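Visitor: Please take me to one part of this chain where the backbone does something unusual. Look at it closely, then show me what lies around it.

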Amino acid sequence: MQPGDLDRVHALETELFPEDAWPRAMFDGELAHPTRRYWVITRDREVVAYAGMMCIPPVGDVQTIAVAAEHEGNGLGSALLRVLHEAAVDAGATEMMLEVRADNPRAQALYRRFGYRHIHTRAHYYGPGHDALIMRCELLPAGRDERSADGRTIHEHR
């Protein structure tokens, strides 16, 4: 992700997460922070998906993953999660954490396919009545050839 992507990223953020969208300034701050890394996927020069992580080894943390509604179901979320895992391993992380809305079963299913397990519930994390599931997975160093639950060869979890 580059500063020039931020207008479209923020527009997509507010479209997808109207109740708890990050302010534009937060994305600016994230790009400038040394422990954060962000990626975008574009189609015809338009940002259609993005993801970011914080990594302070031995732990990586998924900060966000978002895919435009018209591009859901095409593997973009999986592709971004793979990139996050690879980057975290390269940075020295051995585990990855994330928060996901308890009322978002589609995202939870994605994370479970990558080996994430629910370890805690944070009540009202996304506001009154909107809990977060805290999920965790172990990361493998590159070179380990294992199969994910979706049958694809991956190198980032066990």
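Guide: Start with His124, in the loop between strand S5 (117–122) and strand S6 (132–138). Keep in mind that this is a predicted model. The phi of His124 is near 60°. That value is positive, and His124 is not a glycine. Why look twice at that? Most residues other than glycine have a negative phi, and most peptide bonds are trans.

Now move to another loop. Arg45 sits between strand S1 (36–43) and strand S2 (46–56). Arg45 is not a glycine either, yet its phi is positive, at about 70°. Is Arg45 buried or exposed? Arg45 counts as exposed, because its relative accessibility is 82% and the cut-off for exposed is over 50%. Next, place Arg45 against the start of the chain. Arg45 and Asp5 are 40 residues apart in sequence. In space, their C-alpha atoms are 9.8 Å apart.

Follow S2 to its far end. Pro58 lies in the loop between S2 and strand S3 (59–67). The peptide bond that joins Pro57 and Pro58 is cis. Its omega is about 15°.

One more loop is worth a stop. Phe17 is found between helices H1 and H2. Phe17 has a relative accessible area of 25%, so it is partly exposed. Which residues does Phe17 touch, leaving aside its neighbours within four places in sequence? They are Tyr50, Ile65 and Ala66. Take Ala66 from that list. Phe17 and Ala66 are 49 residues apart along the chain, but 9.1 Å separates their C-alpha atoms.

Next come the two helices on either side of Phe17. Two packed helices are described by the angle between their axes and the distance between the axes. H1 covers residues 6–16, and H2 covers residues 24–32. They pack at an angle of about 130°, with the axes 10 Å apart. That angle makes H1 oblique to H2. The crossing is right-handed. On the H1 side, the contact is made by Leu6, Asp7, Val9, His10 and Glu13. On the H2 side, Arg24, Phe27, Asp28 and Leu31 take part. Sort these contact residues by type: 4 are nonpolar, 1 is polar and 4 are charged.

A second helix pair can be read in the same steps. Helix H3 spans residues 76–90, and helix H4 spans residues 105–113. Their axes come within 11 Å and cross at roughly 50°. H3 is therefore oblique to H4. This crossing is right-handed. From H3, Gly77, Ser78 and Leu81 make the contact. From H4, Leu110, Tyr111 and Arg113 make it. The types here are 3 nonpolar, 2 polar and 1 charged.

Now step back to the whole protein. Its secondary structure comes to 4 helices and 8 strands. Along the sequence, the pattern runs α-α-β-β-β-α-β-α-β-β-β-β. The protein has 158 residues, and 43% of them count as buried. Take the contacts with a separation of 6 or more. Residues 24 or more positions apart account for 51% of them.

How far does the predictor's confidence reach? The average pLDDT of the protein is 89. A score of at least 70 is reached by 89% of the residues. One stretch needs care: over residues 145–158, pLDDT stays under 50. The model has 42 contacts beyond four places in sequence for that stretch. Where pLDDT is low, the predicted coordinates should not be read in detail.

To finish, go back to the unusual backbone spots. His124 has its positive phi in the loop between S5 and S6. Arg45 has a positive phi of about 70°. Pro57 and Pro58 share the cis bond. Find each one in the view and turn it slowly.

Note on methods. Residues numbered from 1 in each chain as written. Predicted model: local features only at pLDDT ≥ 70, side-chain atom pairs only at ≥ 80, totals over all residues. Heavy atoms only, no water. Axes fitted to C-alpha atoms, helices over the stretch in contact; angles between N-to-C directions. Helix = DSSP H or I, 4+ residues; strand = E, 2+ residues; numbered from the N terminus. Parallel < 35°, antiparallel > 145°, perpendicular 65-115°, else oblique. Left-handed = near helix turned anticlockwise from the far one by under 90°. Contact = heavy atoms within 4.5 Å. Nonpolar A, V, L, I, M, F, W, Y, C, P; charged D, E, K, R; others polar. pLDDT = per-residue confidence, 0-100. Buried < 20%, exposed > 50% of the residue type's maximum accessible area, 1.4 Å probe, protein only.
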